[in-house]
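This report covers the surroundings of a bound ligand and the packing of one helix pair. The sequence and the structure come first.

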Amino acid sequence: MPPVPLQFLQSAQRVADLPDSEREVAVVGRSNVGKSSLINAFANRTNLARVSKTPGRTQLINIFQVSPGVTVVDLPGYGYAKVPSRITKDWGPMIEGYLLERECLQMVMVLVDGEIGPTKLDVQMLEWLRDNEIPHQVVATKSDKVKSNKKPARKKELAAGCMLDPGDVVWVSAAKNINIDRLQDLIRSWLSP
Ligand code: GDP
(Lines give C-alpha, C1' and ligand atoms only; values in the text may rest on other atoms or scores of the structure.)
Protein backbone atom coordinates (compact mmCIF):
# COMPACT_ATOMS: atom_id res chain seq x y z
CA MET A 1 0.00 0.00 0.00
CA PRO A 2 1.38 3.44 -0.84
CA PRO A 3 1.75 5.95 2.00
CA VAL A 4 -0.94 8.56 2.58
CA PRO A 5 0.16 11.17 0.07
CA LEU A 6 -0.17 14.52 1.76
CA GLN A 7 0.02 17.63 -0.33
CA PHE A 8 0.21 20.98 1.39
CA LEU A 9 -2.84 22.99 0.46
CA GLN A 10 -2.76 26.17 2.54
CA SER A 11 -2.33 27.76 5.95
CA ALA A 12 -5.17 29.58 7.59
CA GLN A 13 -5.23 31.96 10.51
CA ARG A 14 -8.85 31.30 11.28
CA VAL A 15 -11.07 28.26 11.05
CA ALA A 16 -13.43 30.27 8.86
CA ASP A 17 -10.70 30.50 6.24
CA LEU A 18 -10.37 26.72 5.82
CA PRO A 19 -11.47 25.39 2.44
CA ASP A 20 -14.48 23.09 2.25
CA SER A 21 -13.76 19.43 2.64
CA GLU A 22 -15.77 16.22 2.53
CA ARG A 23 -13.74 14.08 4.88
CA GLU A 24 -11.11 15.33 7.28
CA VAL A 25 -8.79 14.10 9.98
CA ALA A 26 -7.36 16.64 12.44
CA VAL A 27 -4.11 16.38 14.39
CA VAL A 28 -3.70 18.05 17.78
CA GLY A 29 -1.07 17.99 20.50
CA ARG A 30 1.06 20.21 22.65
CA SER A 31 3.95 22.04 21.04
CA ASN A 32 7.04 19.86 20.65
CA VAL A 33 5.08 16.60 20.80
CA GLY A 34 6.39 15.70 17.34
CA LYS A 35 3.39 16.76 15.24
CA SER A 36 5.36 18.24 12.32
CA SER A 37 7.72 15.25 12.26
CA LEU A 38 4.76 12.88 12.12
CA ILE A 39 3.06 14.78 9.32
CA ASN A 40 6.32 14.75 7.40
CA ALA A 41 6.55 10.99 7.94
CA PHE A 42 3.04 10.49 6.51
CA ALA A 43 4.03 12.34 3.44
CA ASN A 44 7.31 10.45 3.15
CA ARG A 45 9.17 13.63 2.55
CA THR A 46 10.90 16.05 4.85
CA ASN A 47 10.05 19.64 5.58
CA LEU A 48 6.46 19.51 4.51
CA ALA A 49 5.33 20.71 7.91
CA ARG A 50 8.09 22.77 9.40
CA VAL A 51 9.93 21.04 12.27
CA SER A 52 11.00 22.93 15.38
CA LYS A 53 9.52 26.26 14.56
CA THR A 54 9.99 29.25 16.79
CA PRO A 55 7.57 28.63 19.66
CA GLY A 56 4.43 30.66 19.43
CA ARG A 57 5.13 32.01 16.00
CA THR A 58 3.22 29.48 13.99
CA GLN A 59 -0.27 29.61 15.41
CA LEU A 60 -1.55 28.74 12.00
CA ILE A 61 -3.79 25.93 10.90
CA ASN A 62 -2.12 23.96 8.11
CA ILE A 63 -4.27 22.02 5.76
CA PHE A 64 -3.09 19.14 3.59
CA GLN A 65 -4.92 17.36 0.83
CA VAL A 66 -4.93 13.61 0.36
CA SER A 67 -7.16 13.83 -2.71
CA PRO A 68 -9.77 16.40 -3.72
CA GLY A 69 -12.18 16.85 -0.79
CA VAL A 70 -10.12 14.61 1.51
CA THR A 71 -7.96 16.52 3.96
CA VAL A 72 -5.72 16.39 7.00
CA VAL A 73 -5.63 19.44 9.26
CA ASP A 74 -2.68 20.27 11.47
CA LEU A 75 -4.01 22.40 14.31
CA PRO A 76 -1.69 24.74 16.22
CA GLY A 77 0.09 23.12 19.17
CA TYR A 78 -1.16 23.98 22.63
CA GLY A 79 0.46 24.69 25.93
CA TYR A 80 3.85 26.06 25.11
CA ALA A 81 5.03 27.92 28.20
CA LYS A 82 6.85 30.65 26.29
CA VAL A 83 3.90 31.62 24.16
CA PRO A 84 2.45 34.95 25.25
CA SER A 85 -0.98 34.53 26.81
CA ARG A 86 -2.49 36.81 24.17
CA ILE A 87 -1.78 34.00 21.71
CA THR A 88 -2.80 31.03 23.85
CA LYS A 89 -6.04 32.66 24.96
CA ASP A 90 -7.32 32.51 21.39
CA TRP A 91 -6.36 28.87 20.95
CA GLY A 92 -9.17 27.34 23.01
CA PRO A 93 -12.15 29.03 21.39
CA MET A 94 -10.68 28.72 17.91
CA ILE A 95 -9.91 25.01 18.16
CA GLU A 96 -13.04 24.18 20.11
CA GLY A 97 -15.11 25.90 17.44
CA TYR A 98 -13.38 23.90 14.74
CA LEU A 99 -13.76 20.57 16.55
CA LEU A 100 -17.43 21.16 17.34
CA GLU A 101 -18.50 22.64 14.05
CA ARG A 102 -16.42 21.05 11.31
CA GLU A 103 -18.96 18.68 9.82
CA CYS A 104 -16.51 16.77 7.65
CA LEU A 105 -14.36 15.86 10.67
CA GLN A 106 -14.01 12.07 10.95
CA MET A 107 -11.29 11.68 13.56
CA VAL A 108 -9.03 13.70 15.82
CA MET A 109 -5.57 12.32 16.37
CA VAL A 110 -4.38 13.40 19.80
CA LEU A 111 -0.62 13.19 20.00
CA VAL A 112 0.91 12.45 23.39
CA ASP A 113 4.65 12.39 23.97
CA GLY A 114 5.57 8.73 24.49
CA GLU A 115 8.58 9.61 26.55
CA ILE A 116 6.93 11.98 29.01
CA GLY A 117 3.32 10.78 28.91
CA PRO A 118 0.15 12.87 28.93
CA THR A 119 0.43 16.39 30.31
CA LYS A 120 -2.38 18.08 32.19
CA LEU A 121 -3.40 19.83 28.98
CA ASP A 122 -3.44 16.53 27.07
CA VAL A 123 -5.75 15.06 29.70
CA GLN A 124 -8.00 18.14 29.54
CA MET A 125 -8.15 17.84 25.78
CA LEU A 126 -9.07 14.15 25.99
CA GLU A 127 -11.77 14.82 28.59
CA TRP A 128 -13.18 17.59 26.45
CA LEU A 129 -13.27 15.37 23.35
CA ARG A 130 -14.94 12.61 25.35
CA ASP A 131 -17.50 14.99 26.86
CA ASN A 132 -18.34 16.29 23.41
CA GLU A 133 -18.40 12.82 21.85
CA ILE A 134 -15.85 13.71 19.20
CA PRO A 135 -14.14 10.60 17.77
CA HIS A 136 -10.47 10.60 18.66
CA GLN A 137 -7.41 8.38 18.64
CA VAL A 138 -4.48 8.74 21.01
CA VAL A 139 -1.13 8.42 19.27
CA ALA A 140 2.00 8.18 21.43
CA THR A 141 4.98 9.76 19.67
CA LYS A 142 8.76 9.25 19.93
CA SER A 143 8.46 5.56 20.84
CA ASP A 144 12.16 5.16 19.99
CA LYS A 145 12.97 7.22 23.09
CA VAL A 146 11.56 4.55 25.42
CA LYS A 147 13.98 1.73 26.19
CA SER A 148 12.68 -1.73 25.21
CA ASN A 149 12.80 -3.05 28.79
CA LYS A 150 10.69 -0.09 29.96
CA LYS A 151 8.16 -0.27 27.11
CA PRO A 152 5.50 -2.57 28.61
CA ALA A 153 5.28 -0.52 31.81
CA ARG A 154 5.38 2.79 29.88
CA LYS A 155 2.57 1.63 27.60
CA LYS A 156 0.37 0.75 30.56
CA GLU A 157 1.21 3.97 32.35
CA LEU A 158 0.60 6.25 29.37
CA ALA A 159 -2.69 4.55 28.51
CA ALA A 160 -3.85 4.77 32.14
CA GLY A 161 -2.94 8.47 32.19
CA CYS A 162 -5.23 8.89 29.18
CA MET A 163 -7.93 6.73 30.85
CA LEU A 164 -7.49 4.07 28.15
CA ASP A 165 -6.35 0.47 27.79
CA PRO A 166 -2.83 -0.04 26.38
CA GLY A 167 -4.31 -1.55 23.19
CA ASP A 168 -6.20 1.70 22.50
CA VAL A 169 -3.02 3.70 21.94
CA VAL A 170 -0.99 3.62 18.72
CA TRP A 171 2.72 4.02 19.40
CA VAL A 172 4.81 5.56 16.63
CA SER A 173 8.23 6.95 15.94
CA ALA A 174 8.63 9.39 13.09
CA ALA A 175 12.39 9.39 13.61
CA LYS A 176 12.75 5.61 13.31
CA ASN A 177 9.75 4.99 11.07
CA ILE A 178 8.06 2.70 13.60
CA ASN A 179 4.35 1.96 13.09
CA ILE A 180 3.97 4.81 10.61
CA ASP A 181 2.47 2.37 8.10
CA ARG A 182 -0.09 1.25 10.67
CA LEU A 183 -1.12 4.82 11.34
CA GLN A 184 -1.30 5.51 7.61
CA ASP A 185 -3.68 2.55 7.27
CA LEU A 186 -5.82 3.94 10.07
CA ILE A 187 -5.90 7.39 8.50
CA ARG A 188 -6.85 5.86 5.19
CA SER A 189 -9.71 3.98 6.84
CA TRP A 190 -10.99 7.11 8.64
CA LEU A 191 -10.92 9.02 5.39
CA SER A 192 -12.61 6.44 3.23
CA PRO A 193 -16.33 6.95 2.66
P1 GDP B 1 5.87 19.82 16.99
O2 GDP B 1 6.20 21.09 17.71
O3 GDP B 1 4.81 19.05 17.68
O4 GDP B 1 5.57 20.01 15.53
O5 GDP B 1 7.16 18.87 17.11
P6 GDP B 1 8.36 18.61 16.10
O7 GDP B 1 7.98 17.66 15.03
O8 GDP B 1 8.93 19.93 15.70
O9 GDP B 1 9.37 17.81 17.07
C10 GDP B 1 9.80 18.33 18.29
C11 GDP B 1 11.14 17.70 18.64
O12 GDP B 1 11.00 16.30 18.86
C13 GDP B 1 12.19 17.84 17.52
O14 GDP B 1 13.42 18.05 18.12
C15 GDP B 1 12.12 16.50 16.81
O16 GDP B 1 13.34 16.17 16.19
C17 GDP B 1 11.82 15.56 17.97
N18 GDP B 1 11.07 14.38 17.50
C19 GDP B 1 9.93 14.36 16.78
N20 GDP B 1 9.54 13.10 16.53
C21 GDP B 1 10.47 12.29 17.09
C22 GDP B 1 10.63 10.85 17.16
O23 GDP B 1 9.85 10.04 16.64
N24 GDP B 1 11.71 10.39 17.87
C25 GDP B 1 12.60 11.23 18.44
N26 GDP B 1 13.63 10.68 19.12
N27 GDP B 1 12.48 12.57 18.39
C28 GDP B 1 11.43 13.09 17.72
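In this predicted model, an N or O atom in the side chain of Ser-36 is 2.6 Å from an oxygen atom of the ligand. Such a polar contact is a pair of N or O atoms within 3.5 Å. The table lists this pair with two others.

| Side chain | Partner | Distance |
|---|---|---|
| Ser-36 | oxygen atom of the ligand | 2.6 Å |
| Ser-37 | oxygen atom of the ligand | 2.6 Å |
| Lys-142 | oxygen atom of the ligand | 3.1 Å |

On its own the ligand has 580 Å² of accessible area, and the protein covers 79% of that (Shrake-Rupley method, 1.4 Å probe).

Around the ligand there are 17 residues, of which Asn-32, Lys-35, Ser-36, Ser-37 and Asp-144 come nearest; a residue is near if one of its heavy atoms lies within 4 Å. By class, this shell holds 4 nonpolar, 7 polar and 6 charged residues. Asp, Glu, Lys and Arg count as charged, Ala, Val, Leu, Ile, Met, Phe, Trp, Tyr, Cys and Pro as nonpolar, and the others, Gly among them, as polar.

Helix H1 spans residues 35-43 and helix H5 residues 180-191 (helices are DSSP runs, H or I, of at least four residues, numbered from the N terminus). Their axes come within 10 Å and cross at roughly 80°; axes are lines fitted to C-alpha atoms over the stretch in contact, with angles from 0 to 180 degrees between N-to-C directions. H1 and H5 are therefore roughly perpendicular to each other (65 to 115 degrees). Leu-38, Ala-41 and Phe-42 of H1 meet Ile-180, Leu-183, Gln-184 and Ile-187 of H5, with contact meaning heavy atoms within 4.5 Å. This contact has 6 nonpolar, 1 polar and no charged residues.

Residues are numbered from 1 along each chain as its sequence is written. Local features need pLDDT of at least 70, side-chain atom pairs count only at pLDDT 80 or more, and totals for chains, interfaces and linings use all residues, while side-chain values use heavy atoms, without hydrogens and water.

Terms used
Helices (H or I, at least four residues) and strands (E, at least two) are DSSP runs, numbered from the N terminus. Angles under 35 degrees count as roughly parallel, over 145 as roughly antiparallel, 65 to 115 as roughly perpendicular and the rest as oblique. A polar contact is a pair of N or O atoms within 3.5 Å; within protein, one must be able to donate a hydrogen and the other to accept it, and residues adjacent in sequence count only if both atoms are side-chain atoms.
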